[in-house]
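Got your viewer open? Keep the selection box handy and we'll walk through this fold one pick at a time.

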Amino acid sequence: MTVITRFAPSPTGYLHIGGARTALFNYLFAKHYGGRYLLRIEDTDRQRSTSDAIEAIFEGLKWLGLEGTEPAIYQSHNVNRHKQVANELAASGAAYYCYLSPAEIETMRDDNKQDGTPFRSPWRVPSYNGDKDQKPVLRLRMPDENDTMIDDLVQVEVSVANKQLDDLVLMRSDETPTYMLAVVVDDYDMGITHIIRGDDHLNNAIRQTKIYNALNWKAPIFGHIPLIHGTDGAKLSKRHGATGIDTYKNMGIYSDAMNNYLARLGWSHGDNEYFSLTQAISWFDGRSIGKSPARFDMHKLISVNAYWLKKQSAENLYKQILSYHHQKPNKTISSAFEARFNKLYPHLTERASIINELSSQIDYLIYDGAPEIESDVKALITDDSCTILKSFSDIVDKTPLDADAFQSFMNSWLAEKGLKMKDLGIPLRIVLTGNKSAPALFDLIYSLGFDEVKYRIYQICN
């Protein structure tokens, strides 16, 4: 059997974290078994579905590398097929037309709620002779005996008594198919063998199984994964960071990091914390998916991203930073930037977590001349500190181009002047970078070059 999975988002909003993880799990499972991973856009809700949302879904999946192995299918294109199957169910007696008015349905549902019984329309009885003043809906005739059971990849065995199930609507009175029918027909026609999705669909799986049974179709194997919660244990919402996946892309999160992090939200492979998509494919066999809700932690995502940032080559990181700064108008990138960056690259990645933040923090390498000094440290550049900086400027080109020799040279020079390292180090970092947080002085001077160091001291202290 060829494994075929699918991701089937409704284009009524952005691709969020939960949807991206669902797509990832289906992708990993299919690829692990050498199968196919398909994409279906469930756009039958024409009022809420938008072209912008569809485009956002495609862009998000493309960024993550989770596009379908074949062109996407649009559910709205299959409406005639849905109607055909609905007619077959009606003809076989597995479904029936119900002519109840909205008021009658509401009254019956109130009675059901009080009695604790499922909705059963009197029109399910062939001999019922009620008024046919309403346009009918088509309902599935649920059995009253026995249980419906599914073997779930995650939840294991799930069973529900049939007498608890409503006679669900398959076709609305306007002859449009409901989600329940459309999903079953599309999954069957696409040859879907396994469906991995959120456990909020567990009740749907039971009802959809009854549709498969009524059609004598083999149901796919389900795997219902717990939903993602926030760090406080509550259902994930915007206050936890549940924004569109494009938000994380725009803030500088790497797709490798996002896939790595999403895979670990509810699934694990031993103690492996960091791994590539290729590694995840080799490990993801459908087992080791937890039954408890995973918790989305932005700090942890950034930590994972820091790992992937450090794996970037100097060339790739340079190009990414360059691309980021090309977006800034009226700024001329120094011809010396690449050389400066390559010298300082190992030190820059030590503390960096996100490419956008790193890019915005190294203007002092990218542009020539004195940097814009942050307001909270301007007061540290006093007349006394400038006197020290000017004195250092006179001998900077005599400092050795070796870290150990540089430190020895500086210790001697500072001792001769009766100074401590902080007397020079703090104002020099500010003059060269615009703030106190910067690489070691030797690395900073070595990357900028003697002439640029002198020039910046001159600009600030004259």
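What follows is a tour of a predicted model, going from sheets to helices to cores.

**Stop 1: the parallel sheet**

Start by selecting residues 4–7, 36–41 and 73–74, which are β1, β2 and β3. You should see an open sheet of three strands, ordered β1-β2-β3 and paired in parallel. The edge strands are β1 and β3, each pairing on one side only. Now zoom in on β2 and β3, which run parallel and share two bridges. For a landmark there, pick Arg40: the residue standing opposite is Ile73 in β3.

Add residues 17–32 to the view. That is helix α1, which packs on the sheet and touches β1 and β2. Its direction makes about 165° with that of β1.

**Stop 2: Pro9**

Stay in this region and select Pro9, which sits in the loop between β1 and α1. Is Pro9 buried or exposed? It counts as buried, because its relative accessibility is 11%, with the cut-off for buried being under 20%. Show what surrounds it: setting aside residues up to four places away in sequence, Pro9 touches Leu39, Arg40, Ile41, Glu42 and Ile57. Arg40 is the residue you just saw opposite Ile73. Then draw a C-alpha to C-alpha distance from Pro9 to Asp43: the two are 34 residues apart in sequence and 8.5 Å apart in space.

**Stop 3: the antiparallel sheet**

Next, select 95–98, 137–140 and 169–171, which are β4, β5 and β8. These make an open sheet of three strands too, in the order β4-β5-β8, but here the pairing is antiparallel. β4 and β8 stand at the edges with a single partner strand each, so one side of each has no neighbour in the sheet. Turn the view along the sheet to look at the twist, which averages 40° from one strand to the next.

Within this sheet, β5 and β8 pair over two bridges, and Arg139 stands opposite Val169 in β8. Now bring in residues 79–92, helix α3, which packs on the sheet and touches β4, β5 and β8. Its direction makes about 95° with that of β4.

**Stop 4: a hairpin**

Select 147–161. Strands β6 (147–152) and β7 (156–161) pair in the antiparallel sense over six bridges, forming a hairpin with three residues between them. Met149 is a handy marker, standing opposite Ser159 in β7.

**Stop 5: helix α6**

Move on to residues 202–215, helix α6. From first C-alpha to last, this 14-residue helix reaches 20 Å, close to the 20 Å expected at 1.5 Å a residue. How many of its residues are buried? Ten of the 14 are, so α6 is largely enclosed by the rest of the structure. The buried set isn't just greasy side chains by name: it includes Asn204, Gln208, Thr209 and Lys210 alongside Leu202, Ile206 and Ile211. Step past the end of α6 and you reach Asn216, whose phi is positive, near 60°.

**Stop 6: helix α11**

Jump to residues 314–325, helix α11. Its twelve residues should span 16 Å at 1.5 Å a residue, and the end C-alpha atoms are 16 Å apart, which agrees. Highlight Leu317, Tyr318, Ile321, Leu322 and His325, which are buried. Look down the axis of α11: these buried residues fall within an arc of 135°, so they line one face of the helix. The general reason is simple: an α-helix has 3.6 residues a turn, so residues three or four places apart point the same way. To see what that face packs against, show α10 (298–310), α12 (337–351), α13 (355–361) and α14 (363–366).

**Stop 7: the cores**

Finish inside. The largest nonpolar core has 93 residues, and Met258 and Phe392 touch the most other members. The element that gives the most to this core is α1, with nine residues. Select Met258 and, leaving aside neighbours within four places in sequence, look for its contacts: Ile17, Trp63, Leu64, Ile245, Tyr248, Ile253 and Leu301. Apart from this core lies another, of 32 residues, among them Ile4, Met142, Leu202 and Ile206.

One last pick is Asn259, in helix α8 (255–263). It counts as buried because its relative accessibility is 5%. Beyond residues up to four places away in sequence, Asn259 touches Leu24, Leu64, Leu66 and Leu277.

Terms used. Residues are numbered from 1 along each chain as its sequence is written. This is a predicted model: local features need pLDDT of at least 70, side-chain atom pairs count only at pLDDT 80 or more; totals for chains, interfaces and linings use all residues. Side-chain values use heavy atoms; hydrogens and water are left out. Two strands pair if DSSP finds at least two bridges between them. Helices (H or I, at least four residues) and strands (E, at least two) are DSSP runs, numbered from the N terminus. Contact means heavy atoms within 4.5 Å. Axes are lines fitted to C-alpha atoms, for helices over the stretch in contact, and angles run from 0 to 180 degrees between N-to-C directions. The expected span of a helix is 1.5 Å times one less than its number of residues. Buried means under 20% relative accessible area, exposed over 50%, partly exposed in between (1.4 Å probe, protein chains only). The arc is that of the directions from the helix axis to the C-beta atoms. A nonpolar core is a set of buried Ala, Val, Leu, Ile, Met, Phe, Trp, Tyr and Cys residues joined through side-chain atoms within 4.5 Å.
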